[in-house]
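I sat down with my notebook to look at how this protein is put together. Here is what I was looking at.

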Amino acid sequence: MGQNSDAQERAEELKSVVGKGNILTDEPMSEHTTFKIGGPADLFVLPGNADEVKKTLEVLKTAGMPYFILGKGSDLLVDDAGYRGAIVSLERFCEIHVEGTKLRCGAGATLKDVCAAAEAAGLSGLEFACGIPGSVGGAAFMNAGAYDGVTADVLESLAALDADGNMRTYQNAELDFGYRRSRVRTEGLIVLEVTYALKRGDKAEIQAKMDDLTRRREEKQPLEYGSAGSTFKRPEGFFAGKLITDAGLKGYRVGDAAVSTKHAGFVVNLGHATAKDVHAVIGHVQDEVLKQFGVFLEPEVRFL
Ligand code: FAD
């Protein structure tokens, strides 16, 4: 009761910051995650510019209300009870500007749209990212990568708010990129804009490469079900999917959550899975792989 009235008060306060239509209460997170799982967030705020993000965070920090920055929710498992705090979605930061061989993109732009813009402009370098269902900000946070590329290869700089609310531009070399890691993640920076440095390329070749990678994904990944992609990080010297297959866990199921029979590295939502079901599958897979092969599988998926 107390929590709800707090949320209502913050919602009223934030209306003057982001506008009435850009603040939602009790918003189901199952509608904002690719897993299609997650209970309601007390507040769901959609700031439209840097100043609104800054002011939103000031209001939340002053009130002592927890908050979480959301991209496309493609690497998240949100609890069935939802989130007691404010989800700050950057989906309104979706502009993409082509400037010579550079692309300047809002943090909420989808990689799909960014790749389409690169292809249309005949710019090469982002082909690897065309099937990653995340946002520009989420990709910088995770140093998202696939096949022969990672974000760090093409990200020139980004504009972000630091923990004290100061806006700064960070160059690639300052971002401490590693495997599924970056300074965005370690320091909790809030990315608002990313500039990618690309190369002139042949449009037909760029398109052919994107088509090829898309076909390879469709063949190997269970894209017909909700998921958050690879559930586990790649353990050094092994492949998570192979360990899980060798442990006999393909198809292992709790409720509607299961280890995909198509790609054992994915836990999928077969219909109405709960976060509890997914946690049960993840826990069992970790226990079995540790018992059988002595390897600990660290989740890549983030829990909220
Ligand atoms: P979210 O899930 O919304 O958030 C993830 C984290 O990033 C959160 O901690 C969030 O706070 C933070 N974050 C998001 N935006 C910002 C921002 N603007 N500033 C600061 N922090 C931010 N990943 C790969 O790397 N390679 C793949 O090949 C791949 N394939 C996938 C295939 C499928 C079918 C699915 C469902 C997922 C796949 N993923 C893959 C995982 C996921 O798409 C990526 O990790 C992606 O980068 C997450 O971006 P997002 O916007 O969805 O982030």
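My notes below go from the domains to the salt bridges.

**Entry 1: the domains.** First a reminder to myself: this is a predicted model. I looked up how the chain is split, and I found domain 1 (2–89), domain 2 (96–219) and domain 3 (222–303). I then picked domain 1 and domain 2 and checked their spacing: their C-alpha centres lie 25 Å apart.

**Entry 2: where domain 1 meets domain 2.** How many residues are in contact here? I got ten residues of domain 1 against eleven residues of domain 2. Together the two domains bury about 830 Å² between them, and 72% of that is on carbon and sulfur atoms. I looked for salt bridges across this interface and wrote down zero. For polar contacts, I noted three residue pairs between domain 1 and domain 2. Which helix gives the most to the domain 1 side? That is helix α2 (residues 50–63), with five residues. I also sorted the residues on the domain 1 side that touches domain 2: four are nonpolar, two polar and four charged.

**Entry 3: salt bridges in the protein.** None turned up across that interface, yet the protein's count comes to 21 salt bridges. I went through a few of them.

- E12 pairs with K15, and their closest N and O atoms are 2.9 Å apart. Both sit in helix α1 (residues 2–18), three residues apart, which is about one turn of the helix. I put K15 down as partly exposed, at a relative accessible area of 28%.
- E9, R10 and E13 caught my eye too, since they are linked in a network of salt bridges.
- E174 pairs with R168, with 2.6 Å between the closest N and O atoms. Here I looked up both partners: E174 is partly exposed at 30% relative accessible area, and R168 is partly exposed at 34%.

**Entry 4: a pair that ties parts together.** I saved E300 and R180 for the end; their side chains meet in a salt bridge at 3.6 Å, N to O. E300 lies in the loop between α9 (275–293) and β19 (302–303), while R180 lies in the loop between β12 (167–171) and α6 (183–187), so this pair ties together parts that are 120 residues apart in sequence. Are these two buried or exposed? E300 has 11% relative accessibility, so I counted E300 as buried. R180 comes out at 15%, so R180 went down as buried too.

Notes. Residues numbered from 1 in each chain as written. Predicted model: local features only at pLDDT ≥ 70, side-chain atom pairs only at ≥ 80, totals over all residues. Heavy atoms only, no water. Domains from an automatic or database assignment. Contact = heavy atoms within 4.5 Å. Buried area = accessible area lost by both parts, 1.4 Å probe. Salt bridge = Lys/Arg side-chain N within 4 Å of Asp/Glu carboxyl O. Polar contact = N/O pair within 3.5 Å; in protein donor to acceptor, adjacent residues only side chain to side chain. Helix = DSSP H or I, 4+ residues; strand = E, 2+ residues; numbered from the N terminus. Nonpolar A, V, L, I, M, F, W, Y, C, P; charged D, E, K, R; others polar. Buried < 20%, exposed > 50% of the residue type's maximum accessible area, 1.4 Å probe, protein only.
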